[in-house]
Amino acid sequence: MSIASGMHGILPTANLQRLLDALSTKGYRIIGPTVHDGSVVWETVRSVSDLPIGWRDQQEPARYRLEQTGSQDIFGVVHGPQSLKPLVFAPREPLLQIERTKDGFAARQMILQPEKVAVIGARACDLAGLAIQDRIFLKDAYCDPYYATRREGLFVIAVNCTRALSTCFCASMETGPRATNGFDLVLTEVDDRLLIEAGSEAGRHVLGGLSLSPASEELIGEAAKCIDACARSQVRRLDHTHLPQALYDAHEHPRWNDVAGRCLACANCTMVCPTCFCYTVEETPDLSHQQTDHARSWDSCFTQEHGYIHGKNIRPTIKDRYRMWLTHKFASWIDQFGMSGCVGCGRCITWCPVGIDLTEELPALMTPVQPSVSRRHVEG
Amino acid sequence: MVNAYAIHPATIVEKIREAEDINTYRLQLVDEQVRRGFCFKAGQFNMVYLFGVGEVAISIVSDPDEPELLDHTIRSVGRITTAVAGLQPGDVLGIRGPFGQGWPLDQAHGCDVVIVTGGLGCAPVVGAIEYIFRRRAQYGAIKILHGVKTPHDLLYRERFDAWRRSPDTEVLLTSDQPDKSWSYRIGVVTELFELVSIDPPKSIVLMCGPEIMMRLGVPILMRRGIPATAIYVSLERHMECGIGLCGHCQMGPYFVCKDGPVMRYDRVAQWLGRAGV
């Protein structure tokens, strides 16, 4: 008996290759987590053996380590520095190719043909990040055709988290660890079995072709227990009930000076963030100056140029830039897009070279300064 | 799907020297279909593109009823604007736009219009002034208060003279670093407020220039009885996309390129002058 639509199927971990093959047959290029230079990054995968079997990640502020456990777990690594962002909002996207002509120039729009890409291993926080980027690039006043093209071809196979990192706080941001929407298929790895469920018509189509046995209530219950335990085990959390106003009100809080003293303005947090969307447009002419590439690249509000207008920098100090970033993420983002700019993935904590932890900074910033403390601060 | 990144070639039909480092470029879109489809409001801006160099946000200063020719007044201050200064009539720039929110000129029907500008800040508002003069009967009294640092910074001198000669119009110019050639007022633009009569309930204020001028000037106007909701300011921020995506122009919850550059004062009051915003 094969599973009916909307139900859970069971795929022995040893048979995951069948899913990859089914996707390949449908013309998808498959992208999955692979071990590379001591981290996990998205790469094209052809075989299950390309996936990080037996590996686990340990993440702490300013620390990322992979360890080999010797197990047969396929999805033991929660995540690497990349969210789904680079797959849809490309780090560098050629917008136009412009050629000099005898009476001026001619601009060609560099919109790619949609490529069918299936990404396996996205986490609930990644899906939440993708939904936010969709809101920004597709559902605002303008629909971005470059993002739309990449997004159109994307088939998402999510994995429910059954292990939390020390840096995870998705439970308190209400984005995970269970993937509830925004996926085509979702897997939960329970010992040597994968519980599999479809979340879209395309996903149901792929799932239907696999002729899987339906999962028992017992296995479904066991998977739910693992996900719930993962949520409960999260040691970091963020109380966002008083946002956005509490953070707007904290504009002059002395804590900004404190965090600015630690921040290197390296921009790592914005590069690994699943939702940060700033970009800069660059012009790269060839040596003969006959042709030029007009492309956008990820930018960061931590760079000196970000707030520059002629003769003046709106945000000249690191304090200004850290405040810009955090206030955008947790306050102005809500006014702009009706949602928080943070999904609780914890990447900015792990990949910050000095381990700045926004789950510490935000509560500190929203704690009113005692008058005596502030006087000491002024006098000191 | 409309590609907001598409750049359209536009020929420089005329280059008008306004000052040593400031020129107005009169541009005509090359593609006839694009030219016919182009319409804008006074106060909106274009991303002006120079081949191989890049784009810069410049307000459109010509009349919205004549969108076939688009005037942009550009001061040479950066990499792109300096390179543009070397161009001559017949050369080709690119245009992407129009973007942003313009001046509330429909809402100003029947109102006295008080225009307060400083330095090159007068450029984005010149289009609005010309618009009003061409539809003079629809508006009440016009007061134009313009401040410059030095006499050398005064643009559009002939226009100011022409406006001054128009009925029911006051034009006051001031310089805070004048020389012997200066025959107008001396001081900063906010000092001109006490020299004009303002009828608060029927006045609307259009303001453009340095933010310090807005921060110091608006409280004076409000003390004269003009509500913050009748004061509009045009803001300047780093802009690369014009569509609220690249992130640079944010001011508090706003994207100045998309929600502005013209914004009602009460909406931006709490953000103006905040350090790092």
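A residue counts as partly exposed when the number of other C-beta atoms within 10 Å of its own falls between the limits for exposed, 12 or fewer, and buried, 20 or more. In this predicted model, A:Ala231 has 16 other C-beta atoms within 10 Å and is therefore partly exposed. The residue sits in helix α7 of chain A, which covers residues 217–232. Leaving aside residues up to four places away in sequence, A:Ala231 touches A:Ala171 and A:Pro177. A:Ser83, by comparison, is separated from A:Ala231 by 148 residues in sequence and by 20 Å in space, C-alpha to C-alpha.

Stepping back to the whole of chain A, the secondary structure consists of 14 helices and 16 strands. The C-alpha atoms occupy a box of roughly 75 × 70 × 35 Å along the principal axes. The radius of gyration of chain A is 23 Å, which agrees with the value near 21 Å for a compact globule with 380 residues. Of these 380 residues, 44% count as buried. Among contacts in chain A with a separation of 6 or more, 71% are between residues 24 or more positions apart.

Within chain A, a helix pair deserves a look of its own. Helix α9 (residues 255–262) packs against α11(A) at an angle of about 105 degrees, and the two axes lie 9 Å apart. An angle from 65 to 115 degrees counts as roughly perpendicular, so α9(A) and α11(A) are described in that way. On the α9(A) side the contact is made by A:Trp256, A:Asn257, A:Val259 and A:Ala260, while α11(A) supplies A:Ile318, A:Lys319, A:Tyr322 and A:Arg323. By type, five of the residues in this contact are nonpolar, one is polar and two are charged.

Helix α11(A) returns at the contact between the chains. That contact draws 42 residues from chain A and 33 residues from chain B. On the side of chain A that touches chain B, two or more residues each come from β6 (92–101), β7 (104–109), α4 (145–152), β13 (279–285), β15 (308–309) and α11 (318–337). The largest share, seven residues, belongs to α11(A). This side of chain A is made up of 20 nonpolar, 13 polar and nine charged residues.

Turning to the partner, chain B contains seven helices and 15 strands. Its C-alpha atoms fill a box of roughly 50 × 45 × 40 Å, again along the principal axes. For 277 residues, a compact globule would have a radius of gyration near 19 Å, and the 18 Å of chain B agrees with this. Buried residues make up 49% of the 277 in chain B. Of the contacts in chain B between residues at least 6 apart in sequence, 69% link residues at least 24 apart.

One helix of chain B illustrates burial particularly clearly. Helix α3(B) runs over residues 123–134, and its twelve residues reach 17 Å from the first C-alpha to the last, close to the 16 Å expected at 1.5 Å a residue. Ten of the twelve residues are buried, so α3(B) is largely enclosed by the rest of the structure. The buried residues are B:Ala123, B:Pro124, B:Val125, B:Val126, B:Gly127, B:Ala128, B:Ile129, B:Glu130, B:Tyr131 and B:Ile132.

How values were computed
Residues are numbered from 1 along each chain as its sequence is written. Chains are lettered from A and ligands numbered from 1 in the order in which they are written. This is a predicted model: local features need pLDDT of at least 70, side-chain atom pairs count only at pLDDT 80 or more; totals for chains, interfaces and linings use all residues. Two residues are in contact if their C-beta atoms, placed from the backbone, lie within 7 Å. Helices (H or I, at least four residues) and strands (E, at least two) are DSSP runs, numbered from the N terminus. Ala, Val, Leu, Ile, Met, Phe, Trp, Tyr, Cys and Pro count as nonpolar, Asp, Glu, Lys and Arg as charged, and the others, Gly among them, as polar. The radius of gyration is taken over C-alpha atoms; the globule rule is 2.2 Å times the number of residues to the power 0.38. Axes are lines fitted to C-alpha atoms, for helices over the stretch in contact, and angles run from 0 to 180 degrees between N-to-C directions. Angles under 35 degrees count as roughly parallel, over 145 as roughly antiparallel, 65 to 115 as roughly perpendicular and the rest as oblique. The expected span of a helix is 1.5 Å times one less than its number of residues.
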